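Trainee: Could you take me through one part of this model in some detail? I would like to look closely at the metal site, and then at whatever else you find worth pointing out.

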Amino acid sequence: MAPATTHHLYPPFPAELPTAPLVSVSLAKLKASDGAESKAFFDACRSLGFFYLDTTGSPLGCSLVAEAERLNDLQARFFKMPNHEKEEYAREKVDPFFGYRHGDLGTCHDDGTPKRNESYNMRKDDFEGNCEALPHPSLIKKHWALLQSYVRHCRAVIDLMLTHLEVHLELPIGTLANLHRIKERSGDHVRFNQRAIQPYSDGDAKQGEHTDFGTLTILFNWLGGLQIRRPDTEDWVYVKPVPGHASINLGDSLVKFTAGILRSNVHRVVVPPAPQDTITRNSLVYFSRPEDTVVLRRLRGGLIDKQPRAETVEPEMTSQEWILRRSVGDLKGVYTHSGGLELRPQMAAGRV
Ligand SMILES: O=C(O)CCC(=O)C(=O)O
Ligand SMILES: [Fe+2]
């Protein structure tokens, strides 16, 4: 039985809007090593780099969805905390990458408090006890076990997907998994995201265009707003949230490891389509990334050896360095070179 979701409590995603052509991949079938499903998964990883993960019939998927619902409730409570309390855990205070971030929109809520886009980034290593945990508010500490369990479940899904990738890439089993060991330090994290109600702006939409830096991203959405740029038409189209499904997308490190066999697609978050644009928008993201010490470069073996060699030698750096430099806008995304999309001023208004 599918777990209860809360999508029906929000205004509906409009039926007539063109949406992104994401295929749906069944987690239960991937787990059962279903050949056709595995192929559909790999095709989606090559062609679009985005797909839905259908959790129906999977105990792991059911846990993930149930926990995502509880975490969505938790994030609403987290963001309701007074700004000065959240700022105690600001990135500037706690860590160069993790912690609370915000971008002011320059307008105010009815009660006079400034409107913000906000995020709270909690690293996997805190939950796994791989290092001393960063400071967190008591609300987060109270729900530590839930977050720990969510991290474990996300990682189980990611490890399964990495194994399917290894098979199709004709790599020895464990090649990718060994670069993503849960007990090793990495940039993996859970992110709470909140966007205030705001008017659509072309400039903001453009500023938000990005690829993810890491490996695989597991995303739960309750409202529209996420858009991808279709590789075939170059049109920006909304990804419709589907109850019981996560959206999965591939990040730049998989493009680098596979010398471009896999795709990390450009995406952005804009105002949800009406009538969803009158609601504060939250999303829940799990970002997986290679271990900190892994050098981001093409791997050897299987299909990767058949890929053409790049004419220019790209600088090689560790995952940790790549993430830090990407996060301050110092490096461009793998698929965004030509448009110069990542050449934006750091922390542009409202961008977190
Ligand atoms: O909020 C969303 O739907 C997507 C967020 C996203 O793309 C990101 O945080 O990298
Ligand atoms: Fe993203």
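Mentor: Happy to, and what follows starts at the metal site and then moves on to a pocket, a helix pair and two backbone details. Please keep in mind that this is a predicted model.

Let's begin with the iron ion (ligand 2). Its protein donors are His210 through NE2, Asp212 through OD and His267 through NE2, lying 2.2 Å from the ion. Along the sequence, these donor residues follow the spacing H-x1-D-x54-H. Asp212 sits in the loop between α9 (202–207) and β6 (216–221), while His267 belongs to strand β10 (residues 267–269), so this pair ties together parts that are 55 residues apart in sequence.

Following the chain on from β10, we reach a backbone detail in the loop between β10 and β11 (281–287), where Pro275 has its place. The peptide bond joining Ala274 and Pro275 is cis, with omega at about 10 degrees. Another backbone detail is at Ser33, a residue other than glycine whose phi is positive, near 55 degrees. Ser33 is found in the loop between α1 (27–31) and α2. For context, most residues other than glycine have a negative phi, and most peptide bonds are trans.

That loop brings us to α2 itself. The axes of α2 (residues 35–47) and α8 (residues 144–169) come within 10 Å and cross at roughly 85 degrees. This angle makes α2 roughly perpendicular to α8, because crossings of 65 to 115 degrees count as such. On the α2 side, the contact is made by Ser38, Lys39, Phe41, Phe42 and Cys45, and on the α8 side by Met161, His164, Leu165, His168 and Leu169. By type, the residues of this contact are six nonpolar, three polar and one charged.

Finally, have a look at the second largest pocket, with a volume of about 320 Å³. It is lined by 17 residues, and those closest to its centre are Phe79, Lys80, His109, Glu118 and Gln194. Elements giving two or more residues to this lining are α3 (59–80), α4 (83–87) and β4 (114–123). The largest share, four residues, comes from β4. The lining of this pocket is mixed in type, with six nonpolar, six polar and five charged residues.

Conventions:
Residues are numbered from 1 along each chain as its sequence is written. Chains are lettered from A and ligands numbered from 1 in the order in which they are written. This is a predicted model: local features need pLDDT of at least 70, side-chain atom pairs count only at pLDDT 80 or more; totals for chains, interfaces and linings use all residues. Side-chain values use heavy atoms; hydrogens and water are left out. Axes are lines fitted to C-alpha atoms, for helices over the stretch in contact, and angles run from 0 to 180 degrees between N-to-C directions. Angles under 35 degrees count as roughly parallel, over 145 as roughly antiparallel, 65 to 115 as roughly perpendicular and the rest as oblique. Contact means heavy atoms within 4.5 Å. Ala, Val, Leu, Ile, Met, Phe, Trp, Tyr, Cys and Pro count as nonpolar, Asp, Glu, Lys and Arg as charged, and the others, Gly among them, as polar. On a 1 Å grid over the protein atoms alone, a cavity is a set of points where a 1.4 Å probe fits but cannot get out, and a pocket is an open set with protein on both sides within 12 Å along at least five of seven lines; lining residues have an atom within 4 Å of a point. Grid points are joined across faces, edges and corners, and a volume is the space filled by probe spheres set on the points. Donors are N, O and S atoms within 2.8 Å of the metal (3.2 Å for Na, K and Ca); water is not among the atoms, so sites may look incomplete.
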